[in-house]
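The following exercises concern helix packing, ligand contacts and backbone geometry. Please attempt each task before reading its solution.

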Amino acid sequence: MNIFVVGASGLVGSHCTKVFQNNSWLTLGTHLNYPTSETVYFDPLIDNLKDFFSVHNFAPDAIVHCAALTNVDFCENNVETSHKATVLSTAKIVEFCKEAEIPLTYISTDYVFDGKQGPYSEDASVNPLNVYGAHKLEAERLVSSLKRNLILRITNVYGEELRSKNFIARLMEDLVQQPEKMLNLPYDQFATPIYAGDIANMVFLLLRDQKNGLYHLGSSDYYSRYHLAVKISSYFEKNKSVKFNPVQTINANQAAVRPLNGGLLNNKFLNEYPNFSLTNVDSYILKSLKNEL
Ligand SMILES: NC(=O)c1ccc[n+]([C@@H]2O[C@H](COP(=O)([O-])OP(=O)(O)OC[C@H]3O[C@@H](n4cnc5c(N)ncnc54)[C@H](OP(=O)(O)O)[C@@H]3O)[C@@H](O)[C@H]2O)c1
């Protein structure tokens, strides 16, 4: 299989690329502002996909679209930029997939929900509270117009990445380096954090088996940021300098409204793949402390 990975310089895209390559699939991955040794520049809004593939001599059998503007507060304050990056760029990719008759996998979010009754299954009603969630939902709807599509909702992703920008990776770096720091962390925003390596393996299985439609990729963990930080720091007994201040979301001064009881139920995926073994936060920390990842 030849897989085009849009957003391969990011957390999810880089893990997908690795898993696909480990399974002998050929990949072409992209970056926008952060070049890596594994990626080529691609802007869906500017580049014509047919020309792009002929320049790179690559004929994709499927596209995995992991690119998005993921700073939720930035999206809230920059509605047009968010719409271009998430909705219009996805429309261009959808258009290409329609013409080329190839399947598109789109990575989405639990922010399509309002957080009143999470964690959510695939049949729950959507009601995004912020611009990012609304634009991801709009992009989902474009993707679902394709005959062959996968829409995979995820949330609170963690894992190894070149930039260590995800919450757990950054916190673990701090807990090792011990800068004097006070982190204000919401204690009332809950989600199901998931390991990027698990997402990549799930995407691989779903693509390999030519599955179609909507899947929620959640884990069995259910944490708020504050509880997650306390859990992680418990593995760093000598930590004295990184401190956590539990804050209520309403007092957190975030530009975008957050769903409080978010998260995703993975029953559909696990019914189809009962032997899939999910990582949890504890096993991830233990493995990374032993350098086993
Ligand atoms: N991380 C999470 O907790 C989380 C939760 C829910 C859903 N998601 C979804 O999962 C997907 C992957 O997220 P991630 O955590 O891997 O994000 P990430 O690490 O920030 O990576 C985003 C990727 O998209 C690229 N990109 C950003 N804007 C782009 C644009 N306008 N055109 C083309 N490429 C663009 C980035 O390129 P450069 O970095 O090179 O500029 C990067 O490769 C996204 O769709 C996101 O909405 C993530």
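**Exercise 1.** Is the crossing of H1 and H7 right-handed or left-handed? Describe also the angle at which these helices cross and the residues that bring them together.

*Solution.* The model is a predicted one. Begin with the axes: those of helix H1 (residues 11-22) and helix H7 (residues 196-208) come within 8 Å and cross at roughly 55 degrees. Angles under 35 degrees count as roughly parallel and those from 65 to 115 as roughly perpendicular, so H1 is oblique to H7. The handedness follows: H1 and H7 make a right-handed crossing. On the H1 side, the contact is formed by Leu11, Val12, His15, Cys16, Val19 and Phe20. On the H7 side, it is formed by Ala196, Gly197, Ile199, Ala200, Asn201, Val203, Phe204 and Leu207. Sorted by class, the contact of H1 with H7 comprises 11 nonpolar and 3 polar residues, with no charged ones.

**Exercise 2.** Determine how H4 and H5 are oriented and classify the residues of their contact.

*Solution.* Helix H4 (residues 79-100) and helix H5 (residues 131-143) have axes that come within 9 Å and cross at roughly 15 degrees. Since angles under 35 degrees count as roughly parallel, H4 and H5 are roughly parallel to each other. The crossing in which H4 passes H5 is right-handed. H4 contributes Val79, Ser82, His83, Thr86, Val87, Thr90, Ala91 and Val94 to the contact, while H5 contributes Val131, His135, Lys136, Glu138, Ala139, Leu142 and Val143. The division by class is 8 nonpolar, 5 polar and 2 charged residues.

**Exercise 3.** Carry out the corresponding analysis for H8 and H10.

*Solution.* The axes of helix H8 (residues 225-233) and helix H10 (residues 281-289) are 10 Å apart, and the packing angle is about 40 degrees. The two helices are therefore oblique to each other. Their crossing is right-handed. From H8, the contact includes Leu228, Lys231 and Ile232; from H10, it includes Val281, Asp282 and Ile285. The class count for H8 with H10 is 4 nonpolar, no polar and 2 charged residues.

**Exercise 4.** How many residues surround the ligand, and which are the closest? Identify also backbone atoms that lie within 3.5 Å of a ligand oxygen atom.

*Solution.* The ligand is surrounded by 28 residues, of which Ser9, Asn33, Tyr132, Lys136 and Lys165 are the closest. Lys136 also belongs to the H5 side of the contact with H4. Turning to the backbone, a N or O atom of Leu32 is 2.9 Å from an oxygen atom of the ligand. For Gly7, the distance from a polar backbone atom to a ligand oxygen is 3.3 Å. For Asn156, a backbone N or O atom lies 3.4 Å from an oxygen atom of the ligand.

**Exercise 5.** Which peptide bond is cis, with omega near 0 degrees, and where does Ser24, with its positive phi, lie?

*Solution.* The cis peptide bond runs from Gly118 to Pro119, with omega near 0 degrees. Pro119 is located in the loop between strand S5 (104-109) and H5. Ser24, although not a glycine, has a positive phi of about 65 degrees. Ser24 is found in the loop that lies between H1 and strand S2 (26-31).

Definitions and conventions: Residues numbered from 1 in each chain as written. Predicted model: local features only at pLDDT ≥ 70, side-chain atom pairs only at ≥ 80, totals over all residues. Heavy atoms only, no water. Axes fitted to C-alpha atoms, helices over the stretch in contact; angles between N-to-C directions. Helix = DSSP H or I, 4+ residues; strand = E, 2+ residues; numbered from the N terminus. Parallel < 35°, antiparallel > 145°, perpendicular 65-115°, else oblique. Left-handed = near helix turned anticlockwise from the far one by under 90°. Contact = heavy atoms within 4.5 Å. Nonpolar A, V, L, I, M, F, W, Y, C, P; charged D, E, K, R; others polar. Near = heavy atom within 4 Å. Polar contact = N/O pair within 3.5 Å; in protein donor to acceptor, adjacent residues only side chain to side chain.
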